[in-house]
Amino acid sequence: GVLALLAGLHRWRTRVLLAVSRREKELAERSAQNRQLEAMGRLAGGVAHDVNNMLTAVRGQTDGALDSLERSDRDGAIECLRGVLDATERTVRITQQLLQLGRARAVTPAAVDVSRLLSGLKPTLERLVPDHVELQWRRDPGPLPVVADGTHVEQIVMNLVLNAVQAMPEGGIIDVGCARAEPGWVRLFVSDEGLGMTEETRKRIFEPFFSTKEGGENTGLGLTVVLSAVERWSGWCEVHSALGLGTRFDVFLPAAEAGAFEDNEEKTPVPRG
């Protein structure tokens, strides 16, 4: 009788353990699915945010071209149209990156010269910011190659600058630059003279859909995209801010080995006709 009781207890314990194991497996799979859905949502929102930035630039440059043509300013119209072409090419590169993700192909790390990239972004950003905001550019001399993807670095700079613009409704100066940091790292920074943040706000700025704008004026996805891109390349981001004293973002990306830099940026021909 005792042996039968023990055997019955053993069978009952085995069934319970199997049931718990199945339940744990179901919960783990559900949790993984939820994380995948959350990641997809962040990706879709981030891409929409970046494409909206590019469309804003296209709209502004198109208005500028029309105004220049009305004033018979051919050179001004040509410059604006070049801005439209530049924004279009950047949008094409974002789309290509999405296609790579859709095919489950990893982005190949390359040595991207951050200093050169900032020089290429300068005309686009200066046309994008309003007249009451001034951009100042600060770069260490010589190339500053980092191990990253050029499109990701562009997204980081673009979102940080637009975030700084929103923090300065009365205008001011935004410093954008890059410098050599501690051995093995390059620092990319964007600072503003804006409203600044409280400590509570600073802790939440990278949360998806968190925004200090009233009435849902802003989706609050720009900084989420920044953090995702930085962490994609094993970097980190530091935020320094105080109410009334502005904000500075310091992004640290791994430096590439000396002499490893090559011009890996592929120019995508824009369809014509």
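These exercises look at the cavities and at two backbone angles in a predicted model.

**Exercise 1. Find the enclosed space**

Task: State how many cavities of 30 Å³ or more the whole structure holds, and give the volume of the largest cavity.

Solution:
- Begin with the principle. Rolling a probe the size of a water molecule over the atoms shows where empty space is left.
- Search the whole structure. The search returns 2 cavities of 30 Å³ or more.
- Take the largest cavity. Its volume is about 110 Å³.

**Exercise 2. Describe the wall of the largest cavity**

Task: Work out which residues lie nearest the centre of the largest cavity, which elements supply its lining, and how the lining divides by residue class.

Solution:
- Start with the lining. The largest cavity is lined by 11 residues.
- Go to the centre. Met54, Ile94, Glu154, Gln155 and Met158 lie nearest to it. Two or more lining residues come from each of α1 (2-70), α2 (74-102) and α4 (150-166).
- Pick the main contributor. α4 gives the most, with 5 residues.
- Sort by class. The lining of the largest cavity has 3 nonpolar, 4 polar and 4 charged residues.

**Exercise 3. Repeat for the second largest cavity**

Task: Give the volume of the second largest cavity, list the residues that line it, and name the element with the largest share.

Solution:
- Volume comes first. The second largest cavity contains about 40 Å³ of space.
- List the lining. Ala57, Gln61, Gly83, Ala87, Thr124, Arg127 and Leu128 form it. The elements giving two or more residues here are α1, α2 and α3 (114-128).
- Find the largest share. α3 provides it, with 3 residues.
- Sort by class. The lining of the second largest cavity splits into 3 nonpolar, 3 polar and 1 charged.

**Exercise 4. Place two positive phi angles**

Task: For Ser72, find the phi angle, the location in the chain, and whether the residue is buried or exposed; then do the same for Ser234.

Solution:
- Recall the background. Most residues other than glycine have a negative phi.
- Read Ser72. Its phi is near 55°, a positive value in a residue other than glycine.
- Locate Ser72. It sits in the loop between α1 and α2.
- Check the exposure of Ser72. Its relative accessible area is 67%. The cut-off for exposed is over 50%, so Ser72 is exposed.
- Read Ser234. Its phi is near 60°, also positive in a residue other than glycine.
- Locate Ser234. It lies in the loop between α6 (222-232) and β6 (236-241).
- Check the exposure of Ser234. With a relative accessible area of 57%, Ser234 is exposed.

Methods:
Residues numbered from 1 in each chain as written. Predicted model: local features only at pLDDT ≥ 70, side-chain atom pairs only at ≥ 80, totals over all residues. Heavy atoms only, no water. 1 Å grid on protein atoms, 1.4 Å probe; cavity = no way out; pocket = protein on both sides within 12 Å on 5 of 7 lines; lining within 4 Å. Points joined across faces, edges and corners; volume = space filled by probe spheres on them. Helix = DSSP H or I, 4+ residues; strand = E, 2+ residues; numbered from the N terminus. Nonpolar A, V, L, I, M, F, W, Y, C, P; charged D, E, K, R; others polar. Buried < 20%, exposed > 50% of the residue type's maximum accessible area, 1.4 Å probe, protein only.
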